[in-house]
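Biologist: Could you pull up the model so we can talk it through?

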Amino acid sequence: MKNDYRNTIYWVSKKNIVSEKDALEKKIKAEHSRTKIIYNQINKKDSVYNKLFRNIYSDKCSYCGITTDVVSSELFEIDHFLCESSFNGDSINAGKIKNLVLSCKKCNRAKKDFIWDEVYSSKFNVDDGSITELFYRDKNYYIKVENKFITDKTICEFYRKLKLDEEIRRLDFLLMNMYGFSKKHSSDRISEKISKYIVLLQQKRNEL
Ligand SMILES: [Zn+2]
């Protein structure tokens, strides 16, 4: 698989999100046999299931890849991948774990009730990494649509709707790289220097 636009070179990508989610759903059902809507259990702030769900995603946004290094963990939300309104009131199916993903607030709010044709669900799949076939990170840290999809209206709409084209995505990626570098070289003097710049840049970012 090609480079994942959501990850810096310092990020160790993980394991199988899909199977870990399945296992968590089984656990919830076993421990709360009367629970119909899995979403309600996972969405409970500070609940053990909420923590386990976040762990599966390594506290990282499924859409843009931002981590809790850069934005507070409070700014992460449980997103319905296919928006609730497309389930015609069927909250049980909408709230199944396979339809839930971890998203930063920015992406979740931007995505809102975006609906796409069914054929696109597998293309936008964030859990198996299919989404990384659609977009890439260029050398200036911009997220871009792959050339072969540039005329695809739905993919371009998704890209704009989620604001993947915004400048702040570059700043966030720069910060993620700086944090990654600083952690990797934590015993070096250079890391001390970098840390000062991280603090400054992070302050500026938070003011935006
Ligand atoms: Zn995001």
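What follows is a short exchange about the metal site, some single residues and the pockets.

Modeller: Bear in mind that this is a predicted model, where local features need pLDDT of at least 70, side-chain atom pairs count only at pLDDT 80 or more, and totals for chains, interfaces and linings use all residues. Residues are numbered from 1 along each chain as its sequence is written, and side-chain values use heavy atoms, with hydrogens and water left out.

Biologist: Which arrangement do the four donor atoms around the zinc ion make?

Modeller: Donors here are N, O and S atoms within 2.8 Å of the metal (3.2 Å for Na, K and Ca), and since water is not among the atoms, sites may look incomplete. The SG atoms of Cys61, Cys64, Cys104 and Cys107 serve as protein donors, 2.3 Å from the zinc ion. Four donors count as tetrahedral if all angles lie between 85 and 135 degrees. The angles here run from 103 to 113°, so the arrangement is tetrahedral.

Biologist: What spacing do the donors of the zinc ion follow along the chain?

Modeller: Cys64 sits in the loop between α3 and β1 (76-80), while Cys104 is in strand β2 (residues 100-104), so this pair, 40 residues apart, links distant parts of the chain; helices (H or I, at least four residues) and strands (E, at least two) are DSSP runs, numbered from the N terminus. Along the chain, the zinc donors follow C-x2-C-x39-C-x2-C.

Biologist: Is Cys104 buried or exposed?

Modeller: Buried means under 20% relative accessible area, exposed over 50%, and partly exposed in between (1.4 Å probe, protein chains only). Cys64 has 6% relative accessibility and counts as buried. Cys104 has 5%, so Cys104 is buried.

Biologist: Which residues is Phe53 in contact with, leaving aside its neighbours within four places in sequence?

Modeller: Phe53 belongs to helix α3 (residues 48-56) and is buried, at a relative accessible area of 0%. Its C-alpha atom is separated by 7.6 Å from that of Leu24, 29 residues apart along the chain. Counting heavy atoms within 4.5 Å as a contact, the partners of Phe53 beyond those neighbours are Lys21, Leu24, Ile42, Ile78, Ile97, Leu100, Val101 and Leu102.

Biologist: And Gln202, which residues is it in contact with under the rule of leaving aside neighbours within four places in sequence?

Modeller: Gln202 lies in helix α9 (residues 189-207). It counts as buried, at 9% relative accessibility. Its contacts outside that stretch are Asp69, Val70, Leu175 and Tyr179.

Biologist: What is the phi of Ser58, roughly?

Modeller: Ser58 is in the loop between α3 and β1 and is partly exposed, with 26% relative accessible area. Ser58 is not a glycine, yet its phi is positive, at about 50°.

Biologist: What volume does the second largest pocket have?

Modeller: A pocket is an open set of points on a 1 Å grid over the protein atoms alone where a 1.4 Å probe fits, with protein on both sides within 12 Å along at least five of seven lines; lining residues have an atom within 4 Å of a point. The second largest pocket has 15 of them, with Phe81, Leu82, Lys98, Asn99 and Asn125 nearest its centre. Helix α1 (residues 17-31) gives the most to this lining, three residues. With volume taken as the space filled by probe spheres set on the points, the second largest pocket comes to about 300 Å³.

Note on methods
Tetrahedral: all angles 85-135°; square planar, octahedral: opposite > 155°, others 65-115°.
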